[in-house]
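Reader: I have a protein on my screen and would like to talk it through. Could you help me read it?

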Amino acid sequence: MGATKIKPCPLCGRDPGFDEIPDTLAANGKWVIECFECQLALQTYYIADGYPGADKRKMLTLAVRRWNRRKSA
């Protein structure tokens, strides 16, 4: 995943997990970062430059940065 680390959940402080849900018909999909304790989730949709096998690391980094930008309660 590179140098960007997922911060703990801003609501409960637990470590979240992440998953990629690809679109099987196109090179699109979404990253879901979710806290399994309190069920807080953030979905980031992407278009993988229109071709299968595209490098999705930039898109994952964007999803992680969006999660990390959230303020703690």
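Reader: Which helices and strands make up the secondary structure of the protein, and in what pattern along the sequence?

Author: Happy to help! This is a predicted model, where local features need pLDDT of at least 70, side-chain atom pairs count only at pLDDT 80 or more, and totals for chains, interfaces and linings use all residues. Residues are numbered from 1 along each chain as its sequence is written, and side-chain values use heavy atoms, with hydrogens and water left out. Helices (H or I, at least four residues) and strands (E, at least two) are DSSP runs, numbered from the N terminus. The protein has one helix and three strands, and its pattern along the sequence is β-β-β-α.

Reader: How many disulfides does the structure hold, and why?

Author: A disulfide is a pair of cysteine sulfur atoms within 2.5 Å. For Cys 12, the closest cysteine sulfur is in Cys 35, and at 3.4 Å that is too far for a bond. The count of disulfides is therefore zero.

Reader: Is Cys 35 buried or exposed?

Author: Buried means under 20% relative accessible area, exposed over 50%, and partly exposed in between (1.4 Å probe, protein chains only). Cys 12 is partly exposed at 34%. Cys 35 has a relative accessible area of 0%, so Cys 35 is buried.

Reader: What share of the residues of the protein count as buried?

Author: The protein has 73 residues, and the cut-off just given applies to them. The share that counts as buried is 36%.
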